[in-house]
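These are my notebook entries on one protein chain. I set down what I looked up, entry by entry.

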Amino acid sequence: MDSQLLLVLLLLLLRVSGPWGQEPGPGGPLEVPLEEEIPEEDGILVLTQHTLGLALREHPALLVEFYAPWCGHCKALAPEYSKAAALLAAESAQTRLAKVDGPAEPELTKEFAVTEYPTLKFFRDGNRTHSEEYTGPREAKGIAEWLRRRVGSSATQLEDEESTQALIDAQEVVVIGFFQDLQDEDVATFLALAQDALDMTFGLTDRPQLFQKFGLTKDTVVLFKKFDEGRADFPVDEELGLDQADLSYFLLTHSLHLVTEYNSETSPKIFAAKILNHLLLFINQTLASHRELLAGFGEAAPPFRGQVLFVMVDVGADNSHVLQYFGVKAEEAPTLRFINMETTKKYTPEDGGPLTAASITAFCHAVLGGKVKPYLLSQEVPPDWDQRPVKTLVGKNFEQVAFDETKNVFIKFYAPWCTHCKEMAPAWEELAEKYKDHEDIVIAELDATANELEAFTVHGFPTLKYFPAGPGRKVIEYNNARDVETFSKFLDNGGELPAEEPTEESLAPSPETPANSTSEPKEEL
């Protein structure tokens, strides 16, 4: 058979057969299957490894949540995530929200380096390799606004006095950038900052009449507010330009009231202000004599702006957790407490005199100048602290027990609300019962939320530390399985596990955190 005949037969064969040898359908040659339709739940696209690519092609702005069905934080986020999707849909926004079941899609969690849940990533223009980590709020309005400012402009362009005044009047805090050239690099810096400062409204303008109206002659960022001094200016450095970090710090400090009342709404902003020193005035707002103290407190605040954050705590409101943290009783009000958020060291006035602007100012200067010693919280020593197999320690008896040179002391530092502490409690009780007749071994526990120690700070719960007998105040951190068998091997071997006998219990990391971690497992970033 010659080559021409073979070619003709081959062409006929390809025409009759469908792709991959399939038979053609009744409508003619077999068509390529249509792309899979992406299912939805409550307005959220439900993605898999097979549909993520399609979603990226169809939606130029896509926020994807990687979640786990068992994750508590994911369950709390779910209704807010759906509400955000509904808000954007009502605006006919191009942005879509989606979710991926992380444990069910290991290829995707590996591709996008997902290690904790929930993890949210924002994809632009179908770009699969350069997603942006979502760092915004976890409530519907905040999620929607975060996305709006990325898809659209993060600031309103202002053309005249009327629109400018309307913007200023509409919100409690408004930030306007006055730039003579809107193509300048400083404008890009300003807009980038505005993308994430969701609690403020931003505008910008290059109009000379607006510069004149607000008394400006050069590029300036102005914060307008309906409290305190009403306005704060941030001139742009003509040589160095606009520094985003400096502007961010300026806006955070000046958008706060000179005296901020602590509550559930203001607390996130208080801790986001990045001011390490906080001065708290505890008062009962139902008492006129207490309310009168706010004038002096506010009078003392301006010289410390940016250095000390002045906060009022109403002891009559739902702030019991704050009082407990500082060891303050409601009947002690009015009283002051000073805290450095980095060291967590707390200070209290030593003289106990009247709270005036002068005395408050003097107390701040004394603390900042290192002239006041920090105080440590401690419960009273229980009368029966050493009667049970597990000894009860507090701040006041910790030193004498933990650093007793004749004893090997194994201590659990816990929080009453900590689930993991409660789970290991039976093992700790059993361990104490097992060693109760060993004169040189003490098994103890300390509530680290109510007792502070000069020797070290406890950051996670439960934290386990071993204090071996002998001089030198030696401390050994325990970072292994929390069961009686492993505890016993650790104690019997003088504060370390035998190298030749690995623990039987697997210490493989979970999706939340390493199983041998002494800090609380985390579900969120």
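**Entry 1: a hairpin.** Before turning to the hairpin I noted the rule for pairing: two strands pair if DSSP finds at least two bridges between them. The model is a predicted one. I looked up strand E10 (residues 220-225) and found five bridges joining it to E11, with the two strands running antiparallel. Within this pair, Val222 stands opposite Asp233 in E11. I then read the hairpin itself: five residues lie between E10 and E11, and Asp228 there takes a positive phi near 50°. I noted that this is a positive value in a residue other than glycine. Asp228 sits in the loop between E10 and E11. Its relative accessibility is 40%, so I entered Asp228 as partly exposed.

I also examined the two faces of strand E11 (residues 231-235). Ala232 and Phe234 form the covered face, while Arg231, Asp233 and Pro235 form the uncovered one.

**Entry 2: a second positive phi.** I found a phi near 50° at Arg473 as well, again a positive value in a residue other than glycine. Arg473 lies in the loop between E20 and strand E21 (476-478). I entered Arg473 as partly exposed because its relative accessibility is 47%.

**Entry 3: the chain as a whole.** I counted 17 helices and 21 strands in the chain. Of its 525 residues, 44% are buried. The accessible surface comes to about 28,200 Å², and 52% of that belongs to carbon and sulfur atoms. Among contacts with a separation of 6 or more, 68% are between residues 24 or more positions apart.

**Entry 4: confidence.** How high is the average pLDDT of the chain? I read an average of 89, with 88% of the residues scoring at least 70. Two stretches I marked for caution. Over residues 10-34 the pLDDT stays under 50, and the model has nine contacts for them beyond four places in sequence. Over residues 502-525 the pLDDT is also below 50, yet this stretch has 58 contacts in the model beyond near neighbours in sequence.

**Entry 5: the six-stranded sheet.** I traced an open sheet of six strands in the order E1-E2-E4-E3-E5-E6, with mixed pairing. Its edge strands are E1 (40-41) and E6 (132-133), each of which pairs on one side only. Inside the sheet, strand E3 (residues 61-67) and strand E4 (residues 96-101) are parallel and share six bridges. In this pair Phe66 stands opposite Val100 in E4. Helix H5 (residues 140-151) lies across E3, E4, strand E5 (119-124) and E6, and runs at about 25° to E5.

I then took one residue of strand E4, Arg96. Which residues does Arg96 contact, leaving aside its neighbours within four places in sequence? I listed Glu40, Gly43, Leu45, His59, Ala61, Leu62 and Leu63. Of these I checked Ala61, which is 35 residues from Arg96 in sequence and 6.5 Å from it in space, C-alpha to C-alpha.

**Entry 6: the five-stranded sheet.** I traced another open sheet, of five strands in the order E12-E14-E13-E15-E16, with mixed pairing. Strand E12 (259-261) and strand E16 (346-347) each have a single partner strand, so one side of each is left without a neighbour in the sheet. Strand E13 (residues 277-283) and strand E15 (residues 335-340) run antiparallel and are joined by six bridges. Here I found Leu280 opposite Arg337 in E15. Helix H14 (residues 357-368) packs on this sheet and touches E13, strand E14 (308-314), E15 and E16. The direction of H14 makes about 30° with that of E15.

**Entry 7: cis peptide bonds.** I recorded a cis peptide bond joining Tyr117 and Pro118, with omega about -10°. Pro118 is in the loop between helix H4 (106-111) and E5. I recorded another joining Phe461 and Pro462, with omega about -15°. Pro462 is in the loop between strand E19 (441-447) and strand E20 (463-467).

**Entry 8: cysteines.** How many disulfides are there? Taking a disulfide as a pair of cysteine sulfur atoms within 2.5 Å, I counted zero. I also looked up the burial of two cysteines, with buried meaning under 20% relative accessible area. Cys74 counts as buried because its relative accessibility is 5%. Cys418, at 0%, likewise counts as buried.

Methods. Residues are numbered from 1 along each chain as its sequence is written. This is a predicted model: local features need pLDDT of at least 70, side-chain atom pairs count only at pLDDT 80 or more; totals for chains, interfaces and linings use all residues. Side-chain values use heavy atoms; hydrogens and water are left out. Buried means under 20% relative accessible area, exposed over 50%, partly exposed in between (1.4 Å probe, protein chains only). Helices (H or I, at least four residues) and strands (E, at least two) are DSSP runs, numbered from the N terminus. Contact means heavy atoms within 4.5 Å. Accessible areas come from the Shrake-Rupley method with a 1.4 Å probe; for residues, only the protein chains shown count as cover. Axes are lines fitted to C-alpha atoms, for helices over the stretch in contact, and angles run from 0 to 180 degrees between N-to-C directions. pLDDT is the predictor's confidence in each residue, from 0 to 100.
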